[in-house]
Amino acid sequence: MDILVGLQWGDEGKGKFIDHICNQYDIIARFNGGANAGHSIYYNEQKVTLKLLPSGVFYPNTMNVIGTGVVVNPIQLKQEVEQLMALDATLALPQRLLLSAKAHLVLPTYAYFDQFYESHPDYRTIGTTKNGIAPAYAAKILRQNLRVGDVYSTRFSSELQAILQRQYRELEQLQCDLPPLNEMEAAFLDGVAFLKTLLVTDTELYVNQALHEGKKVLAEGAQATMLDIDHGTYPYVTSSSTVAGGACTGLGVSPKKVGAIFGVTKAYTTRVGEGIFPTELAGAEAEQLRLKGGEFGSNTKRPRRVGWLDLPALKYACMVNGVTQLIVTKGDILSDREEVPICTHYEVEGKRQAYFSANQEEKTSQAVYQLFQGWTGDFTQIKAESQVPSAYRAYLNFIAQAVGVPVTYLSTGPKREEIIELKAN
Ligand code: GDP
Ligand code: IMO
Ligand code: MG
């Protein structure tokens, strides 16, 4: 099993890269997160953003697995599958999608709790996607949640009602603006009825059996390393295990079965939501990069915070994941600049610090940059390694050397064909 993870704060271009290598795999399996993800893929010249669905949906011979580590909102699942079927019914998606019976459900009350925590002054504002992701994982850890496979149980209806009624009362006490409970429940049950038409199974068994038969599986990470619940910039993180290790727990596959670990990074950095961002840009420079890069959330449409590449953070991410191949995206967005900075280390209270620390604090740590010669040229014309501008090649070589991982693919634009493989590493 190969694994693909994001190395920054998300939106590195994971979906686009998976779409490119998809035909090398029999199965694409999501292992974490939920509909907080937004993975953009161009299909028939149209941009499609996948939230809950794995990025193998556009390849008719690829099976798609929503694994145990994912949290599933049946309403959002139905919407997404129906949208895709409306786009191209020949994709026969329902026949190529498997859901883990052990994946947890996102109940309709969770988004309201998420919104409440985000807006109430007594709680931290994280800048979540307000999809109810944290309440879903919290309920899972508290052992008070319902799972996808529970929908077949004779107790499902009564258990669901008990949870919803209790939580609805809690939300009322918190003075949340709510639709009537019966409406909330009806919409959810409509999603559940749809979910029941899909293939719900023991995906651990399915994936391990496939590996045993020599089939190729790619574990698709959502979010990214710096948003990992354990290894990210807590508390400004998501609530799942986004790193390579999370692929093993999230899919029920042994670490012994892992092959390549692809890590995707932008040539610069973006972040949505709150939290430390040592190389963040401000003012007109940020605005320019945001506009040129189209840096607005695929999921929530929020403007993304932008900044330069943070090498200590990237090194940290490569270490935590054991990345074997780097994929660099969006170098085209940095073209036509005279110089491009890379943060090589930080200065903390006058001292050099070359690693991304758990206690990294914006107040005390200052990013220190090395300037690289800029590059020009139309990246859409790059069809071969020899056509990569030499200054960009030098920029990439520096990154690869610094993190000790080869850059094996270079994304040159958002479209499916706008990517090249690099051989000379
Ligand atoms: P993901 O969440 O990691 O799959 O990334 P998103 O899809 O949220 O965000 C990446 C954005 O960059 C999308 O709009 C992609 O279409 C776009 N994109 C990906 N690679 C490139 C690239 O090399 N150049 C440009 N200009 N855009 C890219
Ligand atoms: P992809 O897979 C970028 C961020 C949110 C917020 C924090 C917690 O497209 O890279 P949550 O709703 O998960 O509780 O929010 O995590 N976040 C993402 N940022 N890309 C994502 O997914 C993200 N998923 C969550 O903005 O800061
Ligand atoms: Mg995204």
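1. The shell around ligand 1 draws its largest share, 3 residues, from helix 1. Helices (H or I, at least four residues) and strands (E, at least two) are DSSP runs, numbered from the N terminus. Helix 1 (14-21) and strand 3 (39-43) each supply at least two residues of that shell.

2. This is a predicted model, in which local features need pLDDT of at least 70 and side-chain atom pairs count only at pLDDT 80 or more, while totals for chains, interfaces and linings use all residues. Residues are numbered from 1 along each chain as its sequence is written, chains are lettered from A and ligands numbered from 1 in the order in which they are written, and side-chain values use heavy atoms, with hydrogens and water left out.

3. Ligand 1 is surrounded by 20 residues (a residue is near a molecule if one of its heavy atoms lies within 4 Å of it). The closest are Gly38, Ser40, Ser298, Asp332 and Ser411. By class, the shell holds 2 nonpolar, 10 polar and 8 charged residues; Ala, Val, Leu, Ile, Met, Phe, Trp, Tyr, Cys and Pro count as nonpolar, Asp, Glu, Lys and Arg as charged, and the others, Gly among them, as polar.

4. Oxygen atoms of ligand 1 take part in polar contacts (pairs of N or O atoms within 3.5 Å). A backbone N or O atom of Gly38 lies 2.7 Å from such an oxygen, and one of Glu12 lies 3.1 Å from an oxygen of the ligand. For Arg304, a polar side-chain atom is 3.4 Å from a ligand oxygen. Of the 580 Å² of accessible area that ligand 1 has on its own, the protein covers 95% (Shrake-Rupley method, 1.4 Å probe).

5. Where does ligand 1 sit? Ligand 1 occupies the second largest pocket, in the sense that more than half of its atoms lie within 2 Å of the grid points. A pocket is an open set of points on a 1 Å grid over the protein atoms alone, where a 1.4 Å probe fits, with protein on both sides within 12 Å along at least five of seven lines; lining residues have an atom within 4 Å of a point. The lining of this pocket comprises 28 residues, with Ser40, Lys47, Arg304, Lys330 and Pro414 nearest its centre.

6. Ligand 2 is likewise surrounded by 20 residues, including Lys14 and His39 among the closest. An N or O atom in the side chain of His39 is 2.7 Å from an oxygen atom of ligand 2. Taken alone, ligand 2 exposes 550 Å², and the protein buries 98% of that.

Key. A polar contact is a pair of N or O atoms within 3.5 Å; within protein, one must be able to donate a hydrogen and the other to accept it, and residues adjacent in sequence count only if both atoms are side-chain atoms.
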